[in-house]
Number of protein chains: 2
Amino acid sequence: MKQKIELSSQCKGQIRAIGDTMELLGGKWKIKIIGTLLLNGTMRFMELKRAVDGIAPKKLSKDLQELELNELITRTVKETKPITVEYELTPHGRTLENLINEAMNWGIHHRNHILK
Amino acid sequence: MKQKIELSSQCKGQIRAIGDTMELLGGKWKIKIIGTLLLNGTMRFMELKRAVDGIAPKKLSKDLQELELNELITRTVKETKPITVEYELTPHGRTLENLINEAMNWGIHHRNHILK
DNA sequence: AATAGTGGTTTCCTTTAGGAAACTAGTTTC
DNA sequence: GAAACTAGTTTCCTAAAGGAAACCACTATT
């Protein structure tokens, strides 16, 4: 019984950590944006828009702002003509690599399981 | 340029896989429910409700149904008095362990990063 | 002068997610 | 007979997510 209580309170913290992660990455597009940046490196706004299939510019803009606020990506304006804007993962953003690989692998695994 | 095209089309499939995963687990509660079942094994409805802090019975019921439809958990009614219902991860559900551990670890890592 | 490309913003709308509270129905304990 | 526990369902509501289309300001090309 003592074990059960310890397990339960230890569990709460771990479950909360899952919630933190999902609060940041939950939603239809954010994790796809990060995955795309992981696979392609630095990208401009329109490149991202073309690569992340189906996203509306408004949504892309909003999600990029939120990801920047959370220090997962950087936004740098290049004074070219016309001006271009580059988005890139921060070192902290790159720590999502394992998680995103797992999400990719499991998605493939699940698709195979359902089509069994 | 040829490389860029190949990278891009290969990328699409991987990004789609991420989308599949998030479609199933995105939302506030599903991944927490699975995480709780991973940590505690077989659980009854009320046990889950107490363990997954803050979830409303309606939401718990609905999410459990969806997880069962996707073959991630099983629901078995025990003919005890009063009847009890046991929820348990399927083998397929247990393949989410790596992903969930990554989500946990990254949540903790991110919290530390922000509190730097 | 018109067209296209840059990186977005604005407006309007629909859908979905989620929450609070009350309720159901059967069983068992007090 | 009242209270409490089992496992949910029903109703009503709000907030957030997301999408379509138009628009904006600037620059470069034709």
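How much area is buried between chain A and chain B, and what share of it do carbon and sulfur atoms give? In this predicted model, local features need pLDDT of at least 70 and side-chain atom pairs count only at pLDDT 80 or more, while totals for chains, interfaces and linings use all residues. Residues are numbered from 1 along each chain as its sequence is written, chains are lettered from A and ligands numbered from 1 in the order in which they are written, and side-chain values use heavy atoms, with hydrogens and water left out.

The area buried between chain A and chain B (accessible area, 1.4 Å probe, that two parts lose on being put together, summed over both) is about 4,200 Å², and carbon and sulfur atoms give 67% of it. On the side of chain A, Ile18(A), His92(A) and Trp106(A) lose the most area to chain B, together 16% of what that side buries. Contact (heavy atoms within 4.5 Å) involves 46 residues of chain A and 46 residues of chain B.

Superposition by least squares on the C-alpha atoms of residues with pLDDT of at least 70 in both copies lays chain A on chain B with an RMSD of 0.0 Å, by a turn of 180 degrees and a shift of 0.0 Å along the axis. This is the relation of a two-fold axis. The C-alpha of Gly26(A) is the nearest to the axis in chain A, at 2.8 Å. The same surface serves both copies, as 100% of the contact residues of chain A recur in chain B.

Across the interface of chain A and chain B there are 4 salt bridges, defined by a side-chain nitrogen of Lys or Arg within 4 Å of a carboxyl oxygen of Asp or Glu. Arg111(A) forms a salt bridge with Asp20(B), with the closest N and O atoms 2.7 Å apart.

DNA strand D is surrounded by 20 residues (a heavy atom within 4 Å of the strand), the closest being Lys28(A), Lys58(A), Lys81(A), Ser61(B) and Arg75(B). Of the atoms of DNA strand D that come within 4 Å of the protein, sugar and phosphate account for 71%. A phosphate oxygen of the strand lies 2.5 Å from a polar side-chain atom of Ser61(B), and a phosphate oxygen is 2.4 Å from an N or O atom in the side chain of Arg75(B). For Lys58(B), a polar side-chain atom lies 3.3 Å from a base oxygen of DNA strand D.

Methods. A polar contact is a pair of N or O atoms within 3.5 Å; within protein, one must be able to donate a hydrogen and the other to accept it, and residues adjacent in sequence count only if both atoms are side-chain atoms.
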